Amino acid sequence: MEHRSPNQNFGPLLQPAALGDLEASIAVKVLAAGGDVAIVLDRDGVICDLAVGNSDLQLDDFESWVNKPWSDTVTQDSRPKVEEMLRDAASDKAIRWRELNHPSRRGASVALRYVAVGTGDDGRIIAIGRDHRAASVLQQRLLQAQQSMERDYARMRTSESRYRMLFQSTSEAVLIIDGSTRRVAEANPAADRLIGGDGSLVGKPFSRLFAVQSQEDAASLLSVAQASTSRTAPQSNLTSNGRQLNVTASLFRQDRSMHFLVRLVPVERSEPIIVDSNHRMLAAINLLPDGITRKAVFSSLR
């Protein structure tokens, strides 16, 4: 057989000198497959001829492949795939693409996707290879992105656990108020003991937690906190269950949602309270990753 230069394209390859009496239907199938490398193999899987249609392939010594078994041109892990492809092509099984890796002296192996087609009674096989490096790079990037997401999720869970521990264990009565509904989104045990007692604070309108004469001031407190640009949180003395409470409210945003952090301290034991955005609870919430939704954080506290 006349040896073809590796730099030839598929046109010269698909001439009678290379393919003999190859049926027209098979030639059409090969042409339709297309690719960057075309290899002609005998019935034993030995390379009889080849052509390379992609000068960018970083493979070594294409010329040396001729008269070698196809399996000798791939890495050890790809050899079983070669044997399977040769068996399938010889038995006219359904064509499917398989990824093979070729060793390279330039560094990492080069990945090509091959399909093998039997040519008929003479036992010859045509293998068409496509450069798979771009897809391999995308797969690697996808894997790296997935690993990065898993690391971010682990950090998120750690932050969430720290927040939950702080929220539940603090002796201060703390409420989280939904900014759109002005209802209690979450209440810690200290808040329930102070103004609830039955664990039913969640879902209640914030202003209804207080006596009738304090409800207007409670609603006004949240409005002032929302409009405030000061680092000092607004506060008000409100009455609940016959008790005077010093109540402060700080606005924070989480995952594009607005919430209020509300602290309640009995007046009889409270001192003047100056609360800014660096308050430990508010700071803990603000440090949570943006990807944590209010539902994801607060549902874990119940």
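Let me start in strand E6, which runs over residues 173-178 and is where Ile176 has its place; I should say at once that what we are looking at is a predicted model. Ile176 has a relative accessible area of 0%, and because anything under 20% counts as buried, Ile176 is buried. In sequence, Ile176 stands 84 residues from Phe260, yet in space the two C-alpha atoms are 5.7 Å apart.

Moving on from E6, the loop between that strand and strand E7, residues 184-187, holds Arg182. Arg182 has a positive phi, near 60 degrees, and is a residue other than glycine. With a relative accessible area of 25%, Arg182 is partly exposed. Asn241 can be set beside it: this residue lies in the loop between strand E8, 235-240, and strand E9, 243-254, and its phi is positive too, near 55 degrees, again in a residue other than glycine. Asn241 has a relative accessibility of 61%, and so it counts as exposed, the cut-off being over 50%.

Now to helix H4, residues 79-90. At 1.5 Å a residue, its twelve residues should span 16 Å, and since the C-alpha atoms at its ends are 17 Å apart, the expectation and the model agree. Which residues of H4 are buried? They are Val82, Met85, Leu86, Asp88 and Ala89. These residues cover an arc of only 165 degrees around the axis, which means that they sit on the same side of H4. The face turned away from that buried side carries Pro80, Arg87 and Ala90, which are exposed. As for what the buried residues pack against, there are four strands to name: E1 (37-41), E3 (98-104), E4 (107-118) and E5 (125-131). After the helix comes Asp92, with a positive phi near 60 degrees.

That brings me to the largest pocket, whose volume is about 310 Å³. Its lining is made up of 20 residues, and those closest to its centre are Asp88, Ala89, Asp92, Val117 and Gly118. Two or more lining residues come from each of helix H3 (24-33), H4 and E4, and H4 gives the most, with four residues. By character, the lining divides into nine nonpolar, seven charged and four polar residues.

To draw the last two parts together, Asp88 and Ala89 belong to the buried set of H4, and both are also among the residues closest to the centre of the largest pocket, as is Asp92, which follows the helix with its positive phi.

Note on methods: Residues are numbered from 1 along each chain as its sequence is written. This is a predicted model: local features need pLDDT of at least 70, side-chain atom pairs count only at pLDDT 80 or more; totals for chains, interfaces and linings use all residues. Side-chain values use heavy atoms; hydrogens and water are left out. The expected span of a helix is 1.5 Å times one less than its number of residues. Buried means under 20% relative accessible area, exposed over 50%, partly exposed in between (1.4 Å probe, protein chains only). The arc is that of the directions from the helix axis to the C-beta atoms. Contact means heavy atoms within 4.5 Å. On a 1 Å grid over the protein atoms alone, a cavity is a set of points where a 1.4 Å probe fits but cannot get out, and a pocket is an open set with protein on both sides within 12 Å along at least five of seven lines; lining residues have an atom within 4 Å of a point. Grid points are joined across faces, edges and corners, and a volume is the space filled by probe spheres set on the points. Ala, Val, Leu, Ile, Met, Phe, Trp, Tyr, Cys and Pro count as nonpolar, Asp, Glu, Lys and Arg as charged, and the others, Gly among them, as polar.
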